[in-house]
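Visitor: I would like to go through the spaces in this model and what they hold, and to hear how each label is justified.

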Amino acid sequence: MTPERITENTLRLRQSLPQGVELVAVSKFHPSEAIMASYRAGQRSFGESRAAEFVAKAKTLPEDISWHFIGHLQRNKVRQVVPYVSMIQSVDSERLLRLIDAEACRVSRKVSILLQVHVAKEETKTGFAPEELAELACSGIFDSLNGVLIEGVMGMASNTDDLERVASDFDQIRQAYESLASGSMAKNSRFRILSMGMSHDYQLAISHGSNMVRIGTGIFGEREY
Ligand SMILES: *Cc1c(COP(=O)(O)O)cnc(C)c1O
């Protein structure tokens, strides 16, 4: 994909998203030049999924970029990631949550996080089952954390052509979000992000309540792994 196309794709997407829906441009596996082409279209939020790649990019690219970490984060990579990240969307275990909190406190940062909910049929996808999330909320742990700002929920639908399944996955993720929003997070005014939807399913995700979409291929083209 040429830089010009990336700039155009970003502009088109930014103009087409309904108001109130935030775009995270997923730049994993794409070079810094591709990120800068999207940046020139006004895009400032980018998503990465591998710690070393993310840190290398964050060190050299403009400081007004908000970096979102969206991939499974290994506990031994937390220390590398915390200094540069604005939001970790892929918090998928209590241990990881506590570790991010401790590390953020240690370096006097506040790190925004989303709790990742798992509803998809693929076993490979990580995250809390909705019941686990309810238990975690009940345990009172959220009130005891000082280094993280819990801003919402992230989830992925099953990777299938069965649109009814995809729609029902999005509804389940939304329900998990809403029960926290009206329950243990009711007093947390920051808790308002429902991150759902990728290149192939973001329109459906928005119609099911998403207010943050994570789009890679639709902006940058296919990834070369
Ligand atoms: C890679 C990735 C995306 C972007 O996927 P595209 O299909 O390229 O838009 C979104 N969310 C997560 C969690 C990802 O890992």
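Guide: Let me begin with a term: helices (H or I, at least four residues) and strands (E, at least two) are DSSP runs, numbered from the N terminus. This is a predicted model, in which local features need pLDDT of at least 70 and side-chain atom pairs count only at pLDDT 80 or more, while totals for chains, interfaces and linings use all residues. Residues are numbered from 1 along each chain as its sequence is written, and side-chain values use heavy atoms, with hydrogens and water left out.

Visitor: Which strands each supply at least two residues of the lining of the largest pocket?

Guide: They are β6 (148–156) and β8 (212–215). On a 1 Å grid over the protein atoms alone, a pocket is an open set of points with protein on both sides within 12 Å along at least five of seven lines, whereas a cavity is a set where a 1.4 Å probe fits but cannot get out; lining residues have an atom within 4 Å of a point. The largest pocket has 23 lining residues, with Lys28, Ile70, Met156, Met198 and Arg223 nearest its centre.

Visitor: What is the volume of space in the largest pocket?

Guide: About 440 Å³, where grid points are joined across faces, edges and corners and a volume is the space filled by probe spheres set on the points.

Visitor: Where does the ligand sit?

Guide: The ligand sits in the largest pocket, a phrase used if more than half of a molecule's atoms lie within 2 Å of the grid points.

Visitor: Which polar contacts does the ligand make, given that such a contact is a pair of N or O atoms within 3.5 Å?

Guide: A polar side-chain atom of Ser199 lies 2.5 Å from a ligand oxygen, an N or O atom in the side chain of Lys28 is 2.7 Å from a ligand oxygen, and a backbone N or O atom of Gly216 is 2.9 Å from one, so each pair meets the limit of 3.5 Å.

Visitor: Which residues line the largest cavity?

Guide: Gln116, Val117, His118, Val119, Ala120, Lys125, Thr126 and Met156 do, and strand β5 (residues 111–118) gives the largest share, three residues. The space in this cavity is about 30 Å³.

Methods: Polar contact = N/O pair within 3.5 Å; in protein donor to acceptor, adjacent residues only side chain to side chain.
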